[in-house]
Amino acid sequence: SLMMEKRTIRKSKIIITHSLWSKQVLKTKYKIDSERIIVFPNPSSLPVDIIPEVLHINEIKNIQDNPLRLLFIGPDPYRKGLGIAKQTTKILNNKGINSILTVCGTQAENEEKIKYVGYLKRTVEHQFSQYLALLQNSHFLIHPALFDPAPRVTSEAAAFGTPTITNNTGGLGTTVKDGVSGIILPKGSPPETYAQVIKELVEDPERYYALCKTTRERYEQELNWDVAGKKLSNILQKVVEENGKQ
């Protein structure tokens with residue numbers, strides 16, 4: 001119940017959350033002091049040992065390749081903004097940028113310039129390999145969610161240097177860092193805005209490759225569990241030590 005949730009939160013020594021948005025909710029709705037709230041982005045759940053140590057960005061993600069490869073991931077197509085992603089693809093094609101949208105996590109009949117691959121299970125080797133290949137070979141992850149509290153797929157895309165184009169709703173502005181691991185558009189941005197930002201990056205390869213590079217660097221520095229696990233361990237150790245002295 002809400003009462004039990006509030007009681008549990010108020011009694012907690014620290015609260016760890018994955019977004020600045022949820023921190024703000026804790027401060028305003030639950031009246032929790034900022035000092036008790038620790039934020040770090042939701043890391044990738046992919047095993048670190050399967051991520052390539054070196055990525056040849058300019059070769060893998062040649063932005064002048066034809067077609068432009070967009071990736072959408074989500075089992076909840078409405079909330080994740082599939083309609084916006086499809087419209088963005090249509091607009092890009094109308095602007096003369098040959099674009100293909102691959103939809104992962106949702107099954108439907110293929111449409112012009114839109115390919116559905118369904119839900120790819122990580123426990124099935126060839127499906128997991130297909131999922132990893134999509135993350136690596138796509139030029140952009142397009143994630144126009146209507147709401148997302150703490151996405152994981154954006155961090156998984158970052159492992160392969162694939163920047164995310166999204167909007168500032170829920171935890172997206174924390175998991176994706178604007179201008180570093182993707183582009184954060186204003187909340188509720190229309191397909192035309194997504195298409196324009198993608199078009200600008202396509203027409204400026206050096207800016208695109210630089211974004212891919214910093215996307216991968218952010219994965220290495222923040223968005224993997226080797227780093228996040230150590231941070232979490234240090235946080236918990238500090239709490240135990242401080243409360244042991246009381």
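1. K86 is partly exposed in this predicted model, with a relative accessible area of 24%. Its salt-bridge partner is E111, and the closest N and O atoms of the two side chains are 2.9 Å apart. The pair joins distant parts of the chain, since K86 belongs to helix α5 and E111 to the loop between β4 and β5, 25 residues apart. E111 is likewise partly exposed, at 36% relative accessible area.

2. The loop between β4 and β5 also holds K113. Phi of K113 is near 70 degrees, a positive value in a residue that is not glycine. With 30% relative accessibility, K113 counts as partly exposed. A second non-glycine residue with positive phi is K31, where the angle is near 60 degrees. K31 is placed in the loop between α2 (20–29) and β2, and its relative accessibility of 63% makes it exposed.

3. Strand β5 (residues 114–118) follows the loop that contains K113. Four of the five residues of β5 are buried, so the strand is mostly covered, buried being under 20% relative accessible area. Strand β4 (residues 99–104) pairs with β5 in the parallel sense, over four bridges. Within that pairing, C104 has G118 of β5 as its bridge partner.

4. How many residues does the largest nonpolar core have? The core has 31 residues, and those with the most contacts inside it are L68, L70, L101, F140, I142, I165 and I198. At least two core residues come from each of β3 (68–73), α5 (82–94), β4, β5, β6 (140–143), β8 (182–185), α9 (191–202) and α10 (205–221). Helix α9 gives the largest share, six residues. Another core, of 20 residues, lies apart from this one and includes I73, F128, A158 and F160.

5. F140 deserves a separate comment. Its contacts, leaving aside neighbours within four places in sequence, are I63, L68, R69, L70, L71, T162, P163, I165, I198, L201, V202 and Y208. Of these, L68, L70, I165 and I198 are, with F140, among the residues with the most contacts inside the largest core. Ring pairs also link F140 with Y208 and Y209 into a cluster.

6. The count of aromatic pairs comes to four. In one of these, the ring centres of F40 and W225 are 6.3 Å apart and the planes stand at 90 degrees, so the arrangement is edge-to-face. The pair bridges distant parts of the chain: F40 is in the loop between β2 (37–39) and α3 (57–60), W225 is in helix α11 (residues 225–244), and 185 residues separate them. The two partners differ in accessibility, as F40 is buried at 4%, whereas W225 is partly exposed at 39%.

7. Which residues does R216 contact, leaving aside its neighbours within four places in sequence? They are I51, P52, E53, V54, L55, A158, A159 and G161. R216 is located in helix α10 and counts as buried, with 9% relative accessibility. Its side chain reaches the backbone oxygen of P52 at 2.5 Å and also makes a polar contact with the side chain of E220, at 2.8 Å. One of its contacts, A158, belongs to the core of 20 residues. By comparison, N94 and R216 are 31 Å apart, C-alpha to C-alpha, with their positions 122 residues apart in sequence.

8. The model has 10 salt bridges in total. Besides the pair in point 1, K213 forms a salt bridge with E217, with the closest N and O atoms 2.7 Å apart. Both residues are in helix α10, four residues apart, or about one turn of the helix. E217 is partly exposed, at 26% relative accessibility. R122, R152 and E156 are joined into one network by salt bridges that share partners. A further salt bridge connects E203 and K199, whose closest N and O atoms are 2.7 Å apart; E203 is exposed, with a relative accessible area of 53%.

9. One backbone feature merits a final check. N66 and P67 are joined by a cis peptide bond, with omega about 10 degrees. P67 lies in the loop between α3 and β3.

Methods
Residues numbered from 1 in each chain as written. Predicted model: local features only at pLDDT ≥ 70, side-chain atom pairs only at ≥ 80, totals over all residues. Heavy atoms only, no water. Buried < 20%, exposed > 50% of the residue type's maximum accessible area, 1.4 Å probe, protein only. Pairing = 2+ DSSP bridges. Core = buried A, V, L, I, M, F, W, Y, C linked by side-chain atoms within 4.5 Å. Contact = heavy atoms within 4.5 Å. Salt bridge = Lys/Arg side-chain N within 4 Å of Asp/Glu carboxyl O. Polar contact = N/O pair within 3.5 Å; in protein donor to acceptor, adjacent residues only side chain to side chain. Phe/Tyr/Trp six-rings, centres within 6.5 Å; stacked < 30°, edge-to-face > 60°.
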